[in-house]
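Visitor: Could you give me a close look at the part of this model where the ligands sit? I'd like one connected walk through the contacts.

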Amino acid sequence: MSLTALYDLPAPAKLNLFLHVVGRRPDGYHLLQSVFVLIDWMDTLHVELRPAGQISRSDLGAALPADDLCLRAARALQAASGCRLGAHIAIDKQVPWGAGLGGGSSDAATTLLALNRLWGLNWPRSRLLALGLQLGADVPFFIGGRDAWVEGIGEQITPIDLPAASYLVLKPPVAIPTQAIFSSPLLSRDTALTTIAVFLADKQRFDKNDLQAAAAAYSPEVSQALKLLEQHVGSGRMSGSGSAVFAEAGNHPGAEDGFADPRQVLATLPVGWIGRLCRSLEAHPLVDWASD
Ligand SMILES: C[C@](O)(CO)[C@H](O)COP(=O)(O)OP(=O)(O)OC[C@H]1O[C@@H](n2ccc(N)nc2=O)[C@H](O)[C@@H]1O
Ligand SMILES: Nc1ncnc2c1ncn2[C@@H]1O[C@H](COP(=O)(O)OP(=O)(O)OP(=O)(O)O)[C@@H](O)[C@H]1O
């Protein structure tokens, strides 16, 4: 029996445990070193085959821009593969955008994984990764599907095993355009290169996001969010180019370290803020959908 639809496909968000800007390419893109972790805050996609080649989308959750990353991913795969089939993608958008959580990139990655299967293309992961990079610097990580040490502009991915963790994630009511942060005069681009071995030997020391100062200057809500975390759970840092900030939640059970239970922070958030207690994922639930 041929495959005509794929339902309830997860598109999980990510956190950058740290993010160093270590240089700049001649085309202006920034060279990074970062550890990306998948979390259980996710969008859900339903992808149906359309025989006549048309590609369309409908929004089940928050409304997306007309030409969103799912549509762009589907069209890019159709063009690159020469496939004559089409698809309808219904998306339940739950991950906020302009948050540094990579939600749009994850939607694009999930679309590529789904259509690779639905259209019977059987592209290897390496080919999907290269196409994904054309859609956004974060897309290859989500196609890789595992927590990773990430370098280059996002295309050099080395999977790493990290212990399971819980995170308190706060999203202030502001969306930050990534490009505005990378072009900020406040951005330092010369953090010294490090290695996975150094990171693994002393993870706690890696808590710096080089994009944070520029994002805090762009949006006072980022500073406010970091202050909230500092007051309630001791420390916090930003993910990606913001505006979401996070702290490890597992180490703050309450009274004994003098900080509140993270759930109490969620109960006292200002109007318009979103907060979630998230767990890390072992892998993208569709990680096996691409062969190496
Ligand atoms: C900040 C991160 O989220 C870290 O995970 C990513 O580096 C951003 O990845 P992304 O949102 O997929 O970014 P893209 O959509 O590819 O790029 C948006 C814009 O950000 C700038 N950009 C992005 C990534 C990068 N390594 N250097 C850059 O300078 C470029 O001006 C680009 O036009
Ligand atoms: N499916 C989608 N989901 C979210 N945003 C989308 C989508 N398609 C297009 N966009 C646009 O892409 C922009 C960035 O969205 P996305 O959620 O990937 O980035 P982000 O939150 O800034 O995370 P990061 O910087 O880590 O990639 C938004 O301004 C949004 O308008």
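Guide: A quick bit of vocabulary before we start: a molecule sits in a pocket if more than half of its atoms lie within 2 Å of the pocket's grid points. By that rule, ligand 2 sits in the largest pocket. Keep in mind that this is a predicted model. The largest pocket is also the space taken by ligand 1, so let's go through the two ligands in turn, citing that rule again as we go.

Start with ligand 1. There are 19 residues around ligand 1, and the ones that come nearest are Lys-14, His-30, Phe-36, Ala-137 and Asp-138. For polar contacts, begin at Lys-14, where a polar side-chain atom lies 3.1 Å from an oxygen atom of ligand 1. Asn-16 also uses its side chain: an N or O atom there is 3.4 Å from an oxygen atom of the ligand. With Ile-153 the backbone does the job, placing an N or O atom 3.5 Å from a nitrogen atom of ligand 1. As for cover, ligand 1 taken alone exposes 640 Å², and the protein buries 82% of that.

What kind of residues make up the shell around ligand 1, by class? You'll find eight nonpolar, nine polar and two charged residues. Strand E1 (5-24), strand E2 (30-50) and helix H5 (178-182) each supply at least two residues of that shell. Now zoom out to the domains: ligand 1 lies between domain 1 (5-160) and domain 2 (166-279), because both give residues to its shell.

While you're on strand E1, have a glance at Asp-8, which lies in that strand. Asp-8 isn't a glycine, yet it has a positive phi of about 55°.

On to ligand 2, which also has 19 residues around it; Lys-14, Asp-68, Leu-69, Lys-93 and Ala-99 come nearest. You've met Lys-14 already, since it is listed among the nearest residues to ligand 1 too. Three polar contacts are worth tracing here. The side chain of Asp-107 has an N or O atom 2.9 Å from a nitrogen atom of ligand 2. Thr-178 brings a polar side-chain atom to 3.0 Å from an oxygen atom of the ligand. Gly-102 works through its backbone, with a polar atom 3.1 Å from an oxygen atom of ligand 2. On its own, ligand 2 has 610 Å² of accessible area, and the protein covers 80% of it.

Which helix gives the most to the shell around ligand 2? That's helix H2 (residues 103-118), with four residues. By class, the shell around ligand 2 divides into six nonpolar, eight polar and five charged residues.

One last stop concerns the backbone. The peptide bond from Gly-242 to Ser-243 is cis, with omega near 15°. To find Ser-243, look in the loop between strand E8 (237-238) and strand E9 (245-248).

Key:
Residues are numbered from 1 along each chain as its sequence is written. Chains are lettered from A and ligands numbered from 1 in the order in which they are written. This is a predicted model: local features need pLDDT of at least 70, side-chain atom pairs count only at pLDDT 80 or more; totals for chains, interfaces and linings use all residues. Side-chain values use heavy atoms; hydrogens and water are left out. A residue is near a molecule or strand if one of its heavy atoms lies within 4 Å of it. A polar contact is a pair of N or O atoms within 3.5 Å; within protein, one must be able to donate a hydrogen and the other to accept it, and residues adjacent in sequence count only if both atoms are side-chain atoms. Accessible areas come from the Shrake-Rupley method with a 1.4 Å probe; for residues, only the protein chains shown count as cover. On a 1 Å grid over the protein atoms alone, a cavity is a set of points where a 1.4 Å probe fits but cannot get out, and a pocket is an open set with protein on both sides within 12 Å along at least five of seven lines; lining residues have an atom within 4 Å of a point. Ala, Val, Leu, Ile, Met, Phe, Trp, Tyr, Cys and Pro count as nonpolar, Asp, Glu, Lys and Arg as charged, and the others, Gly among them, as polar. Domain bounds come from an automatic or database domain assignment.
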